[in-house]
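Grab your viewer and work through these exercises. Each one comes with a worked solution, so try it yourself before reading on.

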Amino acid sequence: MTESRMIAGDAYVTKNGTYICPNEEVDIDSLTSFILDNEYRSTGYRKNYDMYTGQHDILRKPYDRESARPDNRLISNWANYVVDTYVGYFMGKPPKISLEDDTNNDKLQDWLNNNSFQDKLTEVAKQVAVYGRSYMLTYQTESADTEVAVIDPSSGFMIYDTSINQKPIAFVRYGYFNNVLSGEMYTANKIQSFTEKQFTDEKASLFGEVPAVEFNSNSERLSIVGKIRTLVDEYDQAFSQKANQVAYFDEAYLKIIGIPLPKDEDGNPIFNLNDDRILYSPDPMAANGDVDFISKPDGDTMQENMLNRLKDDIFQTAMVTNLNDEAFSGNASGVAIKYKLLSMQNQAAVEERKFRISLRNLLGTVIGMGKVIGTIDKDQVRKDLRFTFKRNIPIDLANQAQTARELKGIVSDQTMLSTLDIVDDPKKEMDRIADEQEEQVKRAVKNQASATDILKGGNNGEDTQQPQERGLLEGSGTSGTGMDKSKPSQ
């Protein structure tokens, strides 16, 4: 059994942050315990969200108003850059979701388009990068339409059973309004509304399964932002300190030693030493007068090395490629670019497998309900679903075309076309090719018929021969009726 700790009563949480319950139904006490634990966990989610949106910890540090030193608060929002870069690479080209049967597939595409499913899937990928997990919930509207909503982990969570497969037994969506808790718990057969420590309403669910799925990029639910949060905080601190030192030492002091200056009635030099930033010492023992500016200590090289090291660690820890790196400044080939993107490709490959499982479960539940494409077996539709993920990278079309030509005759035409990124649907592309070939055959037959008419003396079916010419031809036996059928002489 998965290692877990008890929250309270029958509420447990595993070491990777998954909620489990040994009972088939979750009672109100266990539900309350899960919500309280998720609220505690949500503090980490909010920190990640603040990091992504630029509300970094350095902005919340208290100011020392008595200090004369500059106090710059600079934000280098690497978390935003890393997340958007990765999500653009992984989900910039929306995955193709399809069914084998053309009629059912057309209905599925209509449902996906009406629900803006690809846009919501992109939002899920972003939440997974920020929080480590995200949820999709299906529900029935008042007009009996099936729709999908994206739920972030600070306002929803899944509860699983204790079996080896950890099957979902309930999904909880909740929120606080005027400091009062309210929400719904979705199970396979019912939807229960609740408030503080009591269920208030119950209605039947038509899905027959928990109408929600969890998305994650890894079993540990590690987020990209969570992995680099301390590095980004340290980068902000180092960058702000560098700016403070530049501002502080740019206010240079003029040093005057051994040179008497005019004085006022009180014996002070006639200028403001503090405001004018002058250090003055009329030392009569000085052999020679000295007037110059005090030079600042130069720690720029050490600071730059520190910032570069932090930046490199941010991208390496996040397993995301820095597209502004000098390695991308040249005109590299498609293969070379893929090698530079290898770490991000590996991470995306693992996340893709997780997304396939979640999408298959979600769409199997939605389609199996019978509202999208009609009555169909859930298990069968899960088997028939096809997912095609494509990374959003520059296309080396010439290399792909050469590869496709070399595969001709070795693999099927559909597999050959699938190697081309410009072909979204190889099956439909084969249909287009067949239609074009059929049209070419029709034109060839039509042109051949026209050529035959010309050879026969016809022009689009019209007889252009003069009567005398037609008579001579008929008389010479060239027509079918006037031909000499006698045997040739020996």
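**Exercise 1.** Work out how strand 10 pairs with strand 11, and over how many bridges.

*Solution.* This is a predicted model, so let's start from its backbone pairing. Step one: strand 10 and strand 11 (residues 198-204) run antiparallel, with six bridges between them. Step two: pick a bridge to check, such as phenylalanine 194, whose partner in strand 11 is phenylalanine 199. Step three: look at the turn. Two residues sit between the strands in this hairpin, and lysine 197 there has a positive phi near 60°.

**Exercise 2.** Now go to the other neighbour: find what pairs strand 9 with strand 10, and how many residues join them.

*Solution.* Strand 9 (residues 180-186) also pairs with strand 10 in the antiparallel sense, over four bridges. The hairpin connection between strand 9 and strand 10 takes three residues. For a bridge to click on, try glycine 183, which is partnered by phenylalanine 194 in strand 10. You've met that phenylalanine already: phenylalanine 194 is bridged to phenylalanine 199 in strand 11 too.

**Exercise 3.** Test whether the end-to-end distance of helix 8 agrees or disagrees with its residue count.

*Solution.* Helix 8 covers residues 342-368, which is 27 residues. The expected span is 1.5 Å times one less than the number of residues. That gives 39 Å, and the C-alpha atoms at the two ends lie 38 Å apart, so the two agree. Just past the helix, check glycine 370: its phi is positive, about 100°.

**Exercise 4.** Describe the largest pocket: its volume, its lining and the elements behind that lining.

*Solution.* Start with the volume, which is about 1,000 Å³. The lining has 39 residues, and those closest to the pocket centre are Tyr160, Asn165, Gln166, Lys167 and Pro168. Elements giving two or more lining residues are strand 7 (156-160), strand 8 (168-177), strand 10 (190-195), strand 12 (212-216) and helix 8. By class, you get 14 nonpolar, 14 polar and eleven charged residues.

**Exercise 5.** Do likewise for the second largest pocket.

*Solution.* Its volume is about 470 Å³. The 22 lining residues include Ser98, Gln414, Asp425, Pro426 and Lys427, the closest to the centre. At least two lining residues come from each of strand 4 (96-98), helix 3 (102-114), strand 16 (386-388), helix 11 (413-418) and helix 12 (426-455). Sorted by class, this lining has five nonpolar, six polar and eleven charged residues.

Key: Residues numbered from 1 in each chain as written. Predicted model: local features only at pLDDT ≥ 70, side-chain atom pairs only at ≥ 80, totals over all residues. Heavy atoms only, no water. 1 Å grid on protein atoms, 1.4 Å probe; cavity = no way out; pocket = protein on both sides within 12 Å on 5 of 7 lines; lining within 4 Å. Points joined across faces, edges and corners; volume = space filled by probe spheres on them. Nonpolar A, V, L, I, M, F, W, Y, C, P; charged D, E, K, R; others polar. Pairing = 2+ DSSP bridges.
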